[in-house]
Amino acid sequence: MVSERKKGHILLFLIGLVLVVIANQLISKYPVRFDLTEEKRYSISDASKQLLKSLDDVAYIEIYLDGELPSGFKRLKKAISETLEDFKFYAGTNIEYKFIDPSVAKSQQARNEFYQSIVNKGIQPTNLTFKKDGNKTERLIFPGASVSYYGKEKAVMLLKGNQAASAEEQLNQSIEGLEYELSSAIRTLASDQRKRVGMVLGHGEPDSLDMAGLNNALLDKYDVFKVDLPNKTKTLDGYDALVIAKPTTAFSEEEKYKLDQYIMKGGKALFFLDALQVNMDSAVNGDGTIAIPYELNLTDMLFKYGVRINQNYIQDIVCGNFPVVAGNMGDQPQIRMLPWPFFPVINKFGDHPIVKNMDAISMKFAANIDTVKAEGIKKTPLLYTSEYTRVLTFPVKVAMNDLQKNLDPKLFNKGEQVMGYLLEGKFTSMYKNRMLPDGISKSGFIESGQESAIIVCSDGDMIRNEFNLKTGDPLELGADPFSTTVFANKDFVMNSLEYLLNDNGIITAKAKEIKLRPLDKVKVAEEKTKWQVINLALPILLLVLYGIGRHYYRKKKYARF
């Protein structure tokens, strides 16, 4: 006969088993997740969740990062897999992904053709050298992915971040940006309606070839239209955002009124403006030239909105290069690249998702920006120079002869300068308490606006592309024709528009931060032996103590029988 005590144990076991089965069924039907990490690295933003739940077809993702990888890229691969598993949790069967090793082709020709097909998609390779089993190994790696949805395809670079950071920090920045890069690609492919971006013309803006890089970048996500503002008779309401790109002639009061009322109605705008103009042909000859102010007639409007672009040039000891002909070899000129402090390289950014983990940005002949009082407007600095700057106020001499001089750090003592601002809030019209332009009726005038946002940068050249030195074709925005460097100018413009126009807030995913917690190498070396002994001896000691204690417990328990 089974004792009552054993019956009780069996009954408790069966009840526990039933509860486990019921809990299993409930969890499979109503899954829950708990992210116990400090920085919530396994959580995704509400915007991404909403996007993934709304998918009505399968998004296929191919990641070209597999096979033999160094430890850092294994970590990146693991993070990609974890992010996509998080995506599957919310999208279910509408997310499918696989990792591909591009080097597994059977022949060299087939491998090269596959490599070229990946490059043609827009994924650039990285040539890595690392040690394996004590031997030096070299490998071509494609740290990117191809996302397909409803027959459309988009390439995504997954290795991003600031090139000035260490390799470990750059990988960490790439991991932080995985959710945004993948979510943004899926959203672009899944979107039925593309936002409308207007390029404001009519004030001496650069021609279409100079803006080809920007235009091509915008067309990847938006419908782009030319807005001939002087001849625009209708309102600007049909555009989701306007880009004012390096104008060189003045805006009339009527044109400013159109822009002002567009912003009052909640319209978004990006201003890329030069404060001074310089003739480079004169600058490279003799004693140089003097930069003179542009008369754009926009100062009072921007002042009302909360910023002022100063009439100066900022020189930065952290700068780009300028090509100088140092001589000839036969009939070929020999070009020497010299640092040119009028070309600041922006590598310090504000605390905002637009510029999170941004790589360096190239500027040319840029001014600094001051803020002024504007009720209800939040002003967020986005772009900073280095701390080693000079502020040259009008009139500013620009001469190539200065390239030959050493950059004396003692002269660059003006500290960080802000070169770009994000302004958000309910703007007040510059025509409030002022006479309206001639011919404008007061009937439709809006003096206090809806919630809106604008971005103001003090350089028009940052959105102009350079040209291939051999073919003369326009280069990608941010590409330097004299080196292999590609600055992040395009990323800045696209992130800015993403933030201004993104109603569902995907860009908030860029706020994710994953902290690096490196070991203290000095402390590790000093305490290595101690922790080895603890790790090896302590578990054995605990087992011995447990065995001794259990032995005496049992001996005491049965001693009374």
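**Pockets, helix packing and two backbone oddities**

The lining of the second largest pocket breaks down into 20 nonpolar, 10 polar and 8 charged residues. The model is a predicted one, and this pocket holds about 830 Å³ of space. Of its 38 lining residues, those closest to the centre are Phe 343, Ser 362, Lys 364, Asp 461 and Glu 466. By class, Phe counts as nonpolar and Ser as polar, while Lys, Asp and Glu count as charged.

As for which elements build this wall, four of them each put in at least two residues: strand S11 (276–277), helix H9 (280–283), strand S15 (319–329) and strand S16 (332–346). The top contributor is S15, which gives 5 residues to the lining.

Next come the enclosed spaces. With a threshold of 30 Å³ or more, the count comes to 1 cavity. The largest cavity has a volume of about 30 Å³. Its lining is made up of Tyr 64, Leu 65, Asp 66, Leu 69, Pro 102, Arg 139, Leu 140, Ile 141 and Phe 142. Sorted by class, that lining has 7 nonpolar residues, 2 charged ones and no polar ones. The charged class takes in Asp and Arg, and the lining includes Asp 66 and Arg 139.

Now to the helices, starting with H2. Helix H2 (residues 46–53) packs on helix H3 (residues 71–91) at an angle of about 55°, and their axes are 8 Å apart. H2 and H3 are therefore oblique to each other. Their crossing is right-handed. On the H2 side, the contact uses Lys 49, Leu 52 and Lys 53, which meet Phe 87, Tyr 90 and Ala 91 of H3. That makes a contact with 4 nonpolar and 2 charged residues, and no polar ones.

H2 also packs on helix H6 (residues 178–190), where the axes come within 11 Å and cross at roughly 40°. H2 and H6 are therefore oblique to each other as well. This crossing, though, is left-handed. Ser 48, Leu 51 and Leu 52 of H2 meet Glu 179, Ser 183, Ile 186 and Arg 187 of H6. Here the residues in contact split into 3 nonpolar, 2 polar and 2 charged. Leu 52 turns up in both places, meeting the H3 side and the H6 side.

H3 has another partner in helix H5 (residues 167–176): their axes come within 10 Å and cross at roughly 10°. Angles under 35 degrees count as roughly parallel, so H3 is roughly parallel to H5. The H3 residues involved are Gly 72, Phe 73, Arg 75, Leu 76 and Ala 79, and they meet Glu 168, Leu 171, Asn 172, Ser 174 and Ile 175 of H5. In terms of class, this contact has 5 nonpolar, 3 polar and 2 charged residues. Gly is grouped with the polar residues, and Gly 72 is one of the H3 residues in this contact.

Finally, a couple of backbone features deserve a look. Most residues other than glycine have a negative phi, and most peptide bonds are trans. Lys 246 departs from the first pattern, with a positive phi near 50° in a residue other than glycine. Lys 246 is found in the loop between strand S9 (241–245) and helix H8 (253–264). As for the second pattern, Phe 394 and Pro 395 are joined by a cis peptide bond, with omega about 0°. Pro 395 is in a loop too, the one between strand S21 (389–393) and strand S22 (396–398).

Notes:
Residues are numbered from 1 along each chain as its sequence is written. This is a predicted model: local features need pLDDT of at least 70, side-chain atom pairs count only at pLDDT 80 or more; totals for chains, interfaces and linings use all residues. Side-chain values use heavy atoms; hydrogens and water are left out. Axes are lines fitted to C-alpha atoms, for helices over the stretch in contact, and angles run from 0 to 180 degrees between N-to-C directions. Helices (H or I, at least four residues) and strands (E, at least two) are DSSP runs, numbered from the N terminus. Angles under 35 degrees count as roughly parallel, over 145 as roughly antiparallel, 65 to 115 as roughly perpendicular and the rest as oblique. A crossing is left-handed if the near helix is turned anticlockwise from the far one by less than a right angle, and right-handed if clockwise. Contact means heavy atoms within 4.5 Å. On a 1 Å grid over the protein atoms alone, a cavity is a set of points where a 1.4 Å probe fits but cannot get out, and a pocket is an open set with protein on both sides within 12 Å along at least five of seven lines; lining residues have an atom within 4 Å of a point. Grid points are joined across faces, edges and corners, and a volume is the space filled by probe spheres set on the points.
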